Structures are given as structure tokens and as C-alpha cells.
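Please open the model in a viewer and keep the sequence panel at hand. The tour proceeds by selection, one group of elements at a time.

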Amino acid sequence: PRRVSDEGAVVVLIGAPGAGKTRTGKRVARLLGVPFIDTDKRIVAAHGPIATIFEDHGEPHFRSIERETVAEALRERAVVTLGGGAVLDPRTQADLAEKRVVQLTVSAAAVEKRIATGKRPLLKDGIDAWTAIVTARQPIYDRLSQLSVDTSRQPLDRVAQRIVNWLEKQD
């Protein structure tokens, strides 16, 4: 078993866009009685909508902001959720090697309704874009996570409880 740091994030949720990381993370934080940090929400609060950052400054600029935000969040004692692409940064991958990381997965059929909001710049081309992104990132998600939970057909309260149960067994 790899050495996990007791400093910083209690657990980090990663995975495909639309897998339910934010909604699950809030539930896990509530069950554990710790703060919740959504790195995308922090970026929006400090820099404005992510789609606008992409349009005005491009993806590399967004990824740079994201990297700083993620590094900061991982130092805090909280449940932390990362945007789907945050794991692409090698420094973030290195940071996550010392954390408890849970991957949330979701089927294409289940995610289709969830991503139809238009708020996700890389998914403006719909389910085909989602499938391509997830396929490309899957090996990274798999390598970084110690637990994977599919959110396609189960209530997020059950997903959250499963994560909490797993965390309790880790100590």
C-alpha cells in the first residue's frame, strides 16, 4: 500500500465530466463533518466563468489557473473535487500520489442528460466529445485512484456513504 499523507485533503474526487463529483463531494464532506472545496467553483469565484476563460484566453491559460487552485485546495483539510481535466497536469498527478483519491465514473447514456447545460466548453460537441475526452483521460484516472464508484444508476447518497465507509477502513 502506498503511503498516504495525513496533511491536507481528506479525500479527492476525480473523474469524468458529469460523473457527479461536486454533488457527491458535498455529501461526503457533510458525512465527515469537514469543509468541501470544488476547485472549479473557486476558479469561477476568482476569475469568472470557465467557458469565458477558455474563449478569452484559451485552454493553456485556464489550466495554469486550475493548477494553482488545485495545489492550494489539496493543502487544506477538506473533501476536494477536481475538474475533469485537472489530472492532466503532471504536478497535480504527483500531488495526488500522496492522497486518498476516488474516481467517479458514469456511463455515456447516464451522462448525456447531465452535460446538456452548455457550461462545459470542451463538451459543446455533445456526447461524442465527452466520450473522446473520457477515453483519453481514463488511464490517468485509473492510475491515480484507489477506489472507483459508478454513479450511473445509484443515488449519490449511497455513493457518498460507500466512499465514507472506504475511508474509515483506510485508517
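Begin by selecting helix α3 (residues 50-57) together with helix α4 (residues 59-74) in this predicted model. Their axes come within 7 Å and cross at roughly 130°. An angle that is neither under 35 degrees, nor over 145, nor from 65 to 115 counts as oblique, and α3 and α4 are therefore oblique to each other. Next, display the side chains where the two helices meet: α3 contributes Ile50, Ile53, Phe54 and His57, while α4 contributes Glu59, His61, Phe62, Arg63 and Ile65. By residue class, this contact of α3 with α4 comprises 5 nonpolar, 2 polar and 2 charged residues.

Now turn to the sheet. Select its 5 strands, which form an open sheet in the order β2-β3-β1-β4-β5 with parallel pairing. The edges are β2 (36-38) and β5, each of which pairs on one side only. On average, neighbouring strands of this sheet are turned by 20° against each other, direction ignored.

Within the sheet, isolate strand β4, residues 101-105. Are the residues of this strand buried or exposed? The strand is mostly covered, with 5 of its 5 residues buried. Colour Val101, Gln103 and Thr105 to see the side chains that point one way from β4, then Val102 and Leu104 for those that point the other way. In a regular strand the side chains alternate between the two faces of the sheet.

Keep β4 displayed and add strand β1 (residues 11-15), which pairs with β4 in the parallel sense over 4 bridges. Which residue of β4 is the bridge partner of isoleucine 14? That partner is glutamine 103. Along the same pair of strands, valine 12 stands opposite valine 101 of β4.

Then add strand β5 (residues 147-150), which runs parallel to β4 and is joined to β4 by 4 bridges. Here, select threonine 105 and aspartate 150: the aspartate, in β5, is the bridge partner of the threonine.

Finally, bring in the helices that accompany these strands. Helix α7 (residues 127-144) packs on the sheet and touches β1 and β4; the direction of α7 makes about 140° with that of β4. Helix α8 (residues 156-170) lies across β1, β4 and β5. Viewed against β5, α8 runs at about 165°, an angle that counts as roughly antiparallel because it is over 145.

Conventions
Residues numbered from 1 in each chain as written. Predicted model: local features only at pLDDT ≥ 70, side-chain atom pairs only at ≥ 80, totals over all residues. Heavy atoms only, no water. Buried < 20%, exposed > 50% of the residue type's maximum accessible area, 1.4 Å probe, protein only. Pairing = 2+ DSSP bridges. Axes fitted to C-alpha atoms, helices over the stretch in contact; angles between N-to-C directions. Contact = heavy atoms within 4.5 Å. Nonpolar A, V, L, I, M, F, W, Y, C, P; charged D, E, K, R; others polar.
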